Amino acid sequence: MVDPAQAGDLPGIVSGAAAGTTIVLADGTYDIPASLQLVNDGVSLPSASNDASTVIIDATYTVNEAVVIAASNVTVAHVTITRAVDHPIHVYPPAAGVSVKVPVLVDTVKARPSAFTKRVSFVNRLTSASMPTPTDEAAIVSTLTAVMRPNLQMALNWRSETSSLSASI
């Protein structure tokens with residue numbers, strides 16, 4: 001188990017994790033100095049308490065992407081990711097022509113305040129009961145689309161509101 005006192009070491013712990021490793025995060029705030037890069041298949045990064053409000057991964061506005069997923073079948077579960085410069089979570093293909101398959105975000109809150117101090121939170125609540133089997137790609141796409149559609153609409157509405165504010169200034 002990793003605790004917040006190890007936040008400075010967490011990027012190395014995560015990127016060095018062997019395929020299939022589970023890195024459990026104890027409750028607390030992790031002020032990370034670099035991206036947490038999930039680069040090996042099957043790595044999991046869950047909280048010990050299964051409560052996203054008690055484990056905070058804080059990029060402190062110094063890290064572009066707080067969590068980088070460049071492997072298949074990884075899980076980020078029950079954590080809050082905040083204050084990334086660009087993206088709380090970013091998925092990259094590990095190499096040209098290679099796809100990342102079935103990343104799972106379970107009860108993961110990604111929050112990023114805007115210049116207007118308005119907080120937009122995207123919450124994915126995928127439970128094992130609602131998540132289809134990893135081999136059923138059509139069902140996975142359908143589930144993710146259903147979860148993300150309201151969040152995408154909220155983001156578009158927010159962008160429209162801030163564009164109107166910019167135009168009137």
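Which residues does Ser 35 touch, not counting residues up to four places away in sequence? In this predicted model, the residues in contact with Ser 35 are Pro 11, Val 63, Glu 65, Ala 66 and Val 68. Ser 35 itself sits in the loop that runs between strand 1 (28-31) and strand 2. With a relative accessibility of 16%, Ser 35 counts as buried, because the cut-off for that class is under 20%. One of the partners deserves a second look: a polar atom of the Ser 35 side chain lies 2.4 Å from the backbone oxygen of Glu 65.

With that corner in view, we can step back to the overall layout. The protein contains 2 helices and 11 strands. Read from the N terminus on, the elements follow the order α-β-β-β-β-β-β-β-β-β-β-β-α, so a helix stands at each end of the list, with the strands between them. Of the 169 residues in the protein, 38% are buried. The exposed surface comes to about 8900 Å², and carbon and sulfur atoms supply 56% of that area. Contacts also reach across the sequence: among those between residues at least 6 apart, 57% join residues at least 24 apart.

The interior comes next. In soluble globular proteins, nonpolar side chains tend to be buried together. Here, the largest nonpolar core has 30 residues, and Leu 25, Tyr 30 and Val 67 are the members with the most contacts inside it. Helix 1 (10-15), strand 2 (36-38), strand 4 and strand 5 each supply at least two residues of this core. The largest share, 3 residues, comes from strand 5. Tyr 30 is a good residue to follow by eye. Leaving aside residues up to four places away in sequence, Tyr 30 touches Val 2, Asp 3, Pro 4, Ala 7, Leu 10, Leu 25, Val 55, Ile 56, Ile 57 and Asp 58.

The last name on that list, Asp 58, leads to a charged pair. Side chains of opposite charge can pair when their charged atoms come close. A search of the whole structure finds 1 salt bridge, in which the side chains of Asp 58 and Arg 83 meet at 2.7 Å, N to O. The pair links distant parts of the chain, 25 residues apart: Asp 58 belongs to strand 4, while Arg 83 lies in the loop between strand 7 (80-82) and strand 8 (87-91). Are these two residues buried or exposed, or something in between? Asp 58 has a relative accessibility of 7% and therefore counts as buried, whereas Arg 83, at 29%, counts as partly exposed.

Finally, the backbone offers two places worth finding in the structure above. Asn 50 has a phi near 60°, a positive value in a residue other than glycine. Asn 50 is placed in the loop between strand 3 (44-46) and strand 4 (55-58), and its relative accessible area of 48% makes it partly exposed. Tyr 61 also has a positive phi, of about 55°, although this residue is not a glycine. The loop that holds Tyr 61 lies between strand 4 and strand 5 (65-69). Tyr 61 counts as partly exposed because its relative accessibility is 41%.

How values were computed. Residues numbered from 1 in each chain as written. Predicted model: local features only at pLDDT ≥ 70, side-chain atom pairs only at ≥ 80, totals over all residues. Heavy atoms only, no water. Helix = DSSP H or I, 4+ residues; strand = E, 2+ residues; numbered from the N terminus. Buried < 20%, exposed > 50% of the residue type's maximum accessible area, 1.4 Å probe, protein only. Core = buried A, V, L, I, M, F, W, Y, C linked by side-chain atoms within 4.5 Å. Contact = heavy atoms within 4.5 Å. Areas by Shrake-Rupley, 256 points an atom, 1.4 Å probe, with all protein chains shown as cover. Polar contact = N/O pair within 3.5 Å; in protein donor to acceptor, adjacent residues only side chain to side chain. Salt bridge = Lys/Arg side-chain N within 4 Å of Asp/Glu carboxyl O.
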